[in-house]
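Dear colleague,

I am handing over the structure below, and I would be glad if you could look through it alongside the notes that follow.

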Amino acid sequence: MARPHEELGICYVVVDGIEGTLARVELPDGTTEDWRLAGLPRGVKEGDVVRIDVQGGDVEMEIDHEQTDRRHALGQRQLDALNAGGPDGEIDL
């Protein structure tokens with residue numbers, strides 16, 4: 001997680017998974033870290049995009065619902081495209 005006094009500006013992370021009191025988040029560079037769920041915005045869920053604004057030593061976090069919806073729509077389009085090329089009917093193994 002960002003150090004409290006570091007000047008980062010705005011960045012986005014994606015909540016990749018939640019287990020117990022920890023949330024696995026994907027950082028902007030594609031790496032993941034486990035963060036305390038209590039440190040994230042209330043009501044955050046898997047797949048949510050969290051906007052983090054670090055200014056003057058203050059850290060503000062909020063769920064970016066617009067980015068989250070965009071990301072979900074993109075994922076659905078990619079899944080639909082993959083399924084469109086699949087076989088029709090029954091699959092014999």
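How many bridges join β1 to β4, and do these strands run parallel or antiparallel? There are six bridges between β1 and β4, and the two strands run antiparallel. Please keep in mind throughout that this is a predicted model.

The sheet as a whole is open and is formed by five strands in the order β3-β2-β1-β4-β5, with antiparallel pairing. Because β3 and β5 stand at the edges and each has a single partner strand, one side of each is left without a neighbour in the sheet. From one strand to the next, the twist averages 35 degrees.

Within the pairing of β1 and β4, Tyr12 has Arg51 of β4 as its bridge partner, and Cys11 stands opposite Ile52 in β4. On the other side of the pairing, β4 is joined by six bridges to strand β5 (residues 58-63), again in an antiparallel arrangement, and here Val50 has Ile63 of β5 as its bridge partner. The hairpin of β4 and β5 has two residues between the strands, and in this hairpin Gly56 takes a positive phi near 60 degrees. Strand β4 is mostly covered, with five of its seven residues buried.

The largest nonpolar core has 12 residues in all, and these are Val13, Val15, Ala23, Val25, Leu27, Trp35, Leu40, Val44, Val50, Ile52, Val54 and Ile63. Two or more residues of this core come from each of β1 (9-19), β2 (22-26) and β4 (49-55), and β4 gives the most, with three residues. Such a grouping fits a general tendency: in soluble globular proteins, nonpolar side chains tend to be buried together.

Ile63 deserves a separate look, since it belongs to this core and, leaving out residues up to four places away in sequence, touches Pro41, Arg42, Gly43, Val44, Asp48, Val49, Val50 and Thr68.

Helix α1 (residues 65-84) has 20 residues and reaches 28 Å from its first C-alpha to its last, which is close to the 28 Å expected at 1.5 Å a residue. Its N-terminal end is capped by Asp64, a side-chain oxygen of which lies 3.2 Å from the backbone nitrogen of Glu66. The helix α1 lies across β1, β2, β4 and β5, and runs at about 140 degrees to β4.

Thr68 is placed in helix α1, and it counts as buried because its relative accessibility is 4%, under the 20% cut-off. The side chain of Thr68 reaches the backbone nitrogen of Val49 at 2.8 Å, and, apart from neighbours within four places in sequence, Thr68 is in contact with Gly47, Asp48, Val49 and Ile63.

Lastly, Leu37 is found in the loop between β3 (32-36) and β4. Is Leu37 buried or partly exposed? With a relative accessibility of 24%, Leu37 counts as partly exposed, since the buried class ends under 20% and the exposed class begins over 50%. Leaving aside neighbours within four places in sequence, Leu37 is in contact with Ile18, Gly20, Thr21, Leu22, Ala23 and Val44. The C-alpha atoms of Leu37 and Asp53 are separated by 18 Å, the two residues being 16 residues apart along the chain.

With best regards

How values were computed:
Residues are numbered from 1 along each chain as its sequence is written. This is a predicted model: local features need pLDDT of at least 70, side-chain atom pairs count only at pLDDT 80 or more; totals for chains, interfaces and linings use all residues. Side-chain values use heavy atoms; hydrogens and water are left out. A nonpolar core is a set of buried Ala, Val, Leu, Ile, Met, Phe, Trp, Tyr and Cys residues joined through side-chain atoms within 4.5 Å. Buried means under 20% relative accessible area, exposed over 50%, partly exposed in between (1.4 Å probe, protein chains only). Helices (H or I, at least four residues) and strands (E, at least two) are DSSP runs, numbered from the N terminus. Contact means heavy atoms within 4.5 Å. The expected span of a helix is 1.5 Å times one less than its number of residues. A polar contact is a pair of N or O atoms within 3.5 Å; within protein, one must be able to donate a hydrogen and the other to accept it, and residues adjacent in sequence count only if both atoms are side-chain atoms. Two strands pair if DSSP finds at least two bridges between them. Axes are lines fitted to C-alpha atoms, for helices over the stretch in contact, and angles run from 0 to 180 degrees between N-to-C directions.
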